[in-house]
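Visitor: Please give me a close look at one part of this model, namely the space left inside it and whatever fills that space. Keep it brisk, and follow the thread outwards from there.

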Amino acid sequence: MDEPIISSDTRRENRIPPRQVITRKWPVLHAGEVPPFDPAKWNFTLFPIPLVDKVKQFTWEEFCALPRVKVFADMHCVTRWSLLDNLWEGVSTRELLNHVTVSGRAKFAMIHCEYGFTTNLPLEDFFATDALFATHHNGEPLTPEHGYPLRLVIPRLYAWKSAKWVRGVEFMEEDRPGFWESWDHGGYHMRGDPWVEERFRPNNPYGG
Ligand SMILES: Nc1nc2c(c(=O)[nH]1)N[C@H]1C(S)=C(S)[C@@H](COP(=O)(O)O)O[C@H]1N2
Ligand SMILES: [Mo]
């Protein structure tokens with residue numbers, strides 16, 4: 001494997017986004033239960049825009065055979081903790097482009113996870129050079145509570161976009177809210193750039 005990809009945020013003079021606090025221990029944060037993993041039943045599905053492109057599905061074995069990358073990056077949770085100096089290993093989101101044709105009409109991605117968790121983000125952020133589907137963190141396989149067997153990592157957005165237990169990606173022409181982005185679960189931001197504190201969607205009816 002080549003040298004790690006360095007997330008550009010780790011090269012900033014000030015690596016801590018506004019109103020974040022450094023944590024040394026890695027917190028565990030998610031809604032609901034930690035799902036079980038059965039490699040014989042697991043699959044990973046790409047849903048391009050309906051009726052335009054073809055659906056593509058990977059088994060666990062097929063996904064594990066994809067070329068791998070390492071990414072050095074920081075992690076910022078909207079609840080204000082930041083965990084610096086993470087070395088992630090897995091499959092670059094860009095690798096998917098070698099397996100599916102994503103229509104130019106696609107502008108957003110919806111990430112689909114176990115138990116129906118979803119999160120949405122712009123396609124440029126999804127295909128950022130430092131974005132990956134991670135299986136390992138600091139040289140160790142992910143633990144179940146941190147997303148084993150597979151999690152998305154989008155280092156330059158708040159960490160709720162870094163979906164754990166990921167099972168598929170839907171490519172969309174129009175944006176729509178995922179789990180935390182919906183008004184029912186807090187109305188978190190559709191993009192979530194920590195440097196400009198995109199914590200909540202504008203006009204949050206709960207006053208966020
Ligand atoms: N499937 C799933 N992934 C999720 C979440 C969740 O609720 N469900 N929470 C997100 C949030 S809010 C954060 S801060 C990170 C935390 O990752 P960690 O538990 O590995 O620190 O996971 C994200 N991924
Ligand atoms: Mo979070």
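Guide: Start with the lining of the largest pocket: by class, 20 of its residues are nonpolar, five are polar and four are charged. Bear in mind that this is a predicted model. The pocket encloses about 460 Å³ of space. Its lining counts 29 residues, and those closest to the centre are Leu29, His30, Ala31, Phe117 and Trp180.

What takes up the space of the largest pocket? Ligand 1 does. Around ligand 1 there are 20 residues. Pro27, Ala31, His146, Arg151 and Lys164 come nearest. Ala31 is thus on this list and also among the residues closest to the pocket centre. The shell around the ligand splits into 15 nonpolar, three polar and two charged residues.

Now the polar contacts of ligand 1. Take Pro27: a backbone N or O atom of this residue lies 2.7 Å from an oxygen atom of the ligand. Arg151 uses its side chain, with a polar atom 2.7 Å from a ligand oxygen. Trp180 adds a side-chain N or O atom, at 3.4 Å from an oxygen of ligand 1. On its own, ligand 1 has 530 Å² of accessible area, and the protein covers 98% of that.

Stay with Arg151 for a moment. Strand β11 spans 151–153, and Arg151 is one of the residues nearest the ligand. The loop between β10 (140–141) and β11 holds Pro149. Check the backbone there: the peptide bond from Tyr148 to Pro149 is cis, with omega near 10°. Most peptide bonds are trans.

Next, the enclosed space. How many cavities of 30 Å³ or more are there? The count is one. The largest cavity has a volume of about 40 Å³. Asp74, Met75, His76, Trp88, Val153, Ile154, Pro155, Leu157, Ala159 and Ser162 form its lining. Seven of these residues are nonpolar, two are polar and one is charged. Which element gives the largest share of that lining? Strand β5 (residues 69–76) does, with three residues. Val153 is also in the cavity lining, and β11 ends at 153.

Follow β5 onwards. The loop between β5 and β6 (81–92) contains Arg80. Its phi is near 95°, a positive value in a residue other than glycine. Most residues other than glycine have a negative phi. Strand β6 covers 81–92, and Trp88 is part of the cavity lining.

To recap, ligand 1 occupies the largest pocket, and the largest cavity takes about 40 Å³. For backbone checks, look at the cis bond before Pro149 and the positive phi of Arg80.

Definitions and conventions
Residues numbered from 1 in each chain as written. Chains lettered and ligands numbered in written order. Predicted model: local features only at pLDDT ≥ 70, side-chain atom pairs only at ≥ 80, totals over all residues. Heavy atoms only, no water. 1 Å grid on protein atoms, 1.4 Å probe; cavity = no way out; pocket = protein on both sides within 12 Å on 5 of 7 lines; lining within 4 Å. Points joined across faces, edges and corners; volume = space filled by probe spheres on them. Helix = DSSP H or I, 4+ residues; strand = E, 2+ residues; numbered from the N terminus. Nonpolar A, V, L, I, M, F, W, Y, C, P; charged D, E, K, R; others polar. Near = heavy atom within 4 Å. Polar contact = N/O pair within 3.5 Å; in protein donor to acceptor, adjacent residues only side chain to side chain. Areas by Shrake-Rupley, 256 points an atom, 1.4 Å probe, with all protein chains shown as cover. Sits in = over half its atoms within 2 Å of the grid points.
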